[in-house]
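Colleague: I should like to learn how to read charged pairs and a buried serine in a model. Please take me through them step by step.

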Amino acid sequence: MKKLNIFKSTVFSLTVLFVLLSGCKSLFAQQDNLDRDYEPVVITGNNLSEFLSVSTSQLFVYEYDEIGDTWTQIPFQFDDVGDDGSYFSETDGTLDSNDELVFMAKDMGDKAPNYSWIEDSDSRNYKRYEILVTDGTDAGKKAWVYVYRSSSLTHAVTTDYVTANQGSDEIVTENYSAGHNTSIGFLENIKIKTAGGGTDVDIIDRQKVRIQGSILGVPYTITEDGLVKKRLQFKDGPIRVLREITVELSGAGETTETSISERYYDRMSVTGGGSGTLESYWGVTHLRQSNDMNANASGMLFYNPLNDGVTIDGSGGHEAAVQLPESGTTWAMCTGSQGTMVQIVDLHNLGNPQMLYYYDNAGGGTADGTSDTGDGKSYGDIGIRFEDPNTGTISIGNTTFYLPANQSSSTGSEMADYFDNPLE
């Protein structure tokens with residue numbers, strides 16, 4: 001059985017069981033008891049090989065209810081993926097081996113007996129796929145859905161978990177919203193909405209970046225203000241919004257471009273997860289990525305594996321332990337009446353060392369000696385800093401959950417456990 005890791009990779013696979021019509025009634029009914037409601041299920045086209053080259057408009061996903069012996073179409077989407085792995089290089093509308101089917105784990109149902117079928121005659125001309133998903137932390141928790149092909153079915157579900165306002169560069173779900181700076185395209189607004197268990201106030205000043213180094217002896221420092229937005233692309237479906245931004249960065253007379261991919265879901269977002277190359281020519285000595293909160297976040301508590309409830313208030317009087325492991329998973333959580341954000345990062349031994357970045361001072365400044373940006377104040381500026389980073393292939397990405405207010409530290413470790421033990 002393959003692990004379905006929606007966090008660490010842009011290509012996913014899943015064990016899929018191939019089911020034929022049968023006249024034999026199932027002897028042992030199995031019901032949905034999967035409770036990982038925040039996560040999507042992503043399946044590549046090569047696991048639906050009978051449907052390759054078929055128009056995705058003829059493919060539908062259903063859940064089965066064993067008690068009522070009923071079938072219900074669930075929200076889903078198909079995303080074209082090009083040979084280069086990009087979501088934006090191919091849009092042919094037919095299922096290819098690397099395309100992705102996406103639906104939410106919370107919409108799955110019970111195992112159907114082989115004799116039970118949806119009420120659609122054309123679907124009986126084809127085989128169907130039974131998809132079984134198992135909780136990586138508890139093999140006893142399972143759920144099922146079924147993929148049908150039909151030329152007579154229609155898309156009957158109007159649920160849209162996430163939408164993109166491309167003009168304002170804002171992502172909106174029932175539970176949270178995420179806004180981006182329109183000039184550089186970086187995060188500058190996060191609200192945990194009332195329906196999502198928060199107070200619907202913006203708690204983020206901005207996402208910050210620092211890159212320091214020297215090229216041929218000429219030192220440079222790059223901040224997020226120095227980035228130039230070159231291209232911004234969206235794909236907006238009912239299950240997720242795909243967002244990709246390409247920015248240009250310049251230092252010591254040299255320029256380069258890099259692309260950042262993001263996937264936004266009902267309660268979570270995934271940034272990056274692919275890999276890139278850090279060229280030795282750039283002579284990078286310091287990297288930092290952090291999210292600086294604003295005054296609305298005052299009173300929230302910061303947790304991670306080394307810090308238990310550090311108060312965010314801009315007073316400058318709260319220190320945080322900063323050493324991080326050389327590799328593996330780490331997490332950080334900010335929680336209060338405003339809502340909760342849990343961010344999980346898979347470290348790849350990039351820095352020498354790599355450390356938590358934490359700075360809480362409304363008077364401004366930074367913890368790494370670089371110039372300040374944004375509103376000139378720091379309320380729990382939290383991230384990761386890498387000193388003398390290794391060159392070559394690197395991978396930096398994170399997963400963020402947007403959750404209800406006043407969570408305990410166990411929530412952060414639970415989300416990290418899900419990260420390390422993905423759906424299978």
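Modeller: The turns below treat salt bridges and then one serine. This is a predicted model, in which local features need pLDDT of at least 70, side-chain atom pairs count only at pLDDT 80 or more, and totals for chains, interfaces and linings use all residues. Residues are numbered from 1 along each chain as its sequence is written, and side-chain values use heavy atoms, with hydrogens and water left out.

Colleague: How many salt bridges does the rule give?

Modeller: Side chains of opposite charge can pair when their charged atoms come close. A salt bridge is a side-chain nitrogen of Lys or Arg within 4 Å of a carboxyl oxygen of Asp or Glu. By this rule there are 19 salt bridges. One of them pairs Asp35 with Lys141, at 3.1 Å from N to O. Asp35 sits in the loop between strands E1 (16–19) and E2 (40–44), whereas Lys141 belongs to strand E8 (residues 138–149), 106 residues apart. Strands (E, at least two residues) are DSSP runs, numbered from the N terminus.

Colleague: Are Asp35 and Lys141 buried or exposed?

Modeller: Buried means under 20% relative accessible area, exposed over 50%, and partly exposed in between, using a 1.4 Å probe and protein chains only. Asp35 has 40% relative accessibility and therefore counts as partly exposed. Lys141, at 23%, is partly exposed too.

Colleague: Which residue forms a salt bridge with Arg36?

Modeller: The partner is Asp135, with the closest N and O atoms 2.5 Å apart. Arg36 lies in the loop between E1 and E2 and Asp135 in strand E7 (residues 128–135), 99 residues apart. Arg36 is buried at 1% relative accessibility, and Asp135 is buried at 2%.

Colleague: Why does the pair of Asp381 and Lys208 tie together separate parts of the sequence?

Modeller: Their salt bridge has its closest N and O atoms 4.0 Å apart. Asp381 lies in strand E26 and Lys208 in strand E13 (residues 204–215), so the pair ties together parts 173 residues apart in sequence. Asp381 is buried at 1%, as is Lys208 at 1%. Salt bridges with shared partners join Lys208, Arg288, Asp292, Asp368, Asp372 and Asp381 into one network.

Colleague: Where does Ser378 lie?

Modeller: Ser378 lies in strand E26 (residues 378–387) and is buried, with a relative accessible area of 0%. Contact means heavy atoms within 4.5 Å. Beyond its neighbours within four places in sequence, Ser378 is in contact with residues including Lys208, Asp292, Gly314 and Tyr359.

How values were computed
Helices (H or I, at least four residues) and strands (E, at least two) are DSSP runs, numbered from the N terminus.
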